[in-house]
Amino acid sequence: MHLPVPRVPQQPASRRPEIQLGRLTAELATVVAGARRRALRDGDRQIDTAHLLHSLIESDPEVGAAFAGGPPQLARLLGYLVQRSIGYGLRWRASVEDSGALEVVRDTVAAEATAAGWSPTAAAAMDGAWERAALRGDPRARGLDLLAVIAADPESRAVEVLRRAGVDPRVLTDRIGELSQQV
């Protein structure tokens with residue numbers, strides 16, 4: 001009798017490595033690497049917006065400042081994100097995050113994102129972060145750019161976690177706008 005060999009989830013290399021490396025600040029590159037490690041560790045097939053949110057909060061101090069509730073709100077949010085990695089997100093594991101709320105997510109983008117180890121929604125969020133950076137004349141996206149795009153998608157997994165932790169995504173996006181003007 002042969003026992004099935006467990007599959008080890010693997011993240012395929014991105015088809016756009018030059019974009020991944022060249023269009024991110026050092027802080028955001030750390031966030032992406034952290035999200036990729038978290039997805040692998042959790043046994044998820046793809047990086048989704050909740051992985052990105054978790055990594056943003058842990059890695060980017062500028063992102064932490066965007067939460068009006070300060071350390072108590074961040075602690076509660078991290079608690080929900082940790083729960084996700086130990087079971088809360090199990091219902092997500094068999095599905096692909098594709099909220100469809102972002103215009104950028106189309107069939108070809110979704111297929112490329114999935115093949116590259118990203119959920120279509122997370123890939124669209126990264127594209128949106130680069131667009132935000134370009135609008136302000138910056139060739140590199142920052143953590144606040146990514147957080148703003150993630151928080152603006154009402155159907156993303158990250159927004160579901162934000163709501164469960166008592167964070168109003170609209171208040172968060174307003175605060176990000178205020179902080180972005182200060183920088």
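Is Glu-160 buried, partly exposed or exposed in this predicted model? With a relative accessible area of 22%, Glu-160 is partly exposed, and the views below place this residue among its surroundings.

**View 1. A salt bridge within helix α10 joins Glu-160 and Arg-164.** The side chains of these two residues meet with a nitrogen-to-oxygen distance of 3.5 Å. Glu-160 and Arg-164 are four residues apart in helix α10, so about one helical turn separates them. Arg-164, like its partner, counts as partly exposed, its relative accessibility being 41%.

**View 2. Helix α3 packs against helix α10.** The axes of α3 (residues 49-59) and α10 (residues 157-164) are 6 Å apart and form an angle of about 60°. The two helices are therefore oblique to each other. On the α3 side the contact involves Thr-49, Ala-50 and Leu-53, which meet Arg-157, Ala-158 and Leu-162 of α10. Sorted by class, the residues of this contact are four nonpolar, one polar and one charged.

**View 3. Phe-67 and Leu-162 belong to the largest nonpolar core.** This core contains 44 residues, and those that touch the most other members are Phe-67, Leu-77, Trp-118, Leu-146, Leu-147, Leu-162 and Leu-172. Two or more core residues come from each of several helices, including α2 (26-42), α5 (70-88), α8 (120-135) and α11 (169-182). When residues up to four places away in sequence are not counted, Phe-67 touches Ile-57, Gln-73, Leu-74, Leu-77, Leu-147, Leu-162, Val-167 and Leu-172. In soluble globular proteins, nonpolar side chains tend to be buried together.

**View 4. Arg-142 and Glu-62 form a salt bridge between parts distant in sequence.** Their side chains meet at 3.3 Å, taken from N to O. Arg-142 lies in the loop between α8 and α9, whereas Glu-62 lies in helix α4 (residues 61-64), so the pair ties together parts that are 80 residues apart in sequence. Arg-142 is buried, with a relative accessible area of 12%, while Glu-62, at 26% relative accessibility, counts as partly exposed.

**View 5. Asp-168 and Arg-170 meet in a further salt bridge, and four other residues form a network.** The distance from N to O between the side chains of Asp-168 and Arg-170 is 3.7 Å. Asp-168 is partly exposed at 32% relative accessibility, whereas Arg-170, at 63%, counts as exposed. The network of salt bridges links Arg-132, Arg-136, Asp-138 and Asp-145. For the model as a whole, the count comes to eight salt bridges.

Technical notes. Residues are numbered from 1 along each chain as its sequence is written. This is a predicted model: local features need pLDDT of at least 70, side-chain atom pairs count only at pLDDT 80 or more; totals for chains, interfaces and linings use all residues. Side-chain values use heavy atoms; hydrogens and water are left out. Axes are lines fitted to C-alpha atoms, for helices over the stretch in contact, and angles run from 0 to 180 degrees between N-to-C directions. Angles under 35 degrees count as roughly parallel, over 145 as roughly antiparallel, 65 to 115 as roughly perpendicular and the rest as oblique. Contact means heavy atoms within 4.5 Å. Ala, Val, Leu, Ile, Met, Phe, Trp, Tyr, Cys and Pro count as nonpolar, Asp, Glu, Lys and Arg as charged, and the others, Gly among them, as polar. A nonpolar core is a set of buried Ala, Val, Leu, Ile, Met, Phe, Trp, Tyr and Cys residues joined through side-chain atoms within 4.5 Å. Buried means under 20% relative accessible area, exposed over 50%, partly exposed in between (1.4 Å probe, protein chains only).
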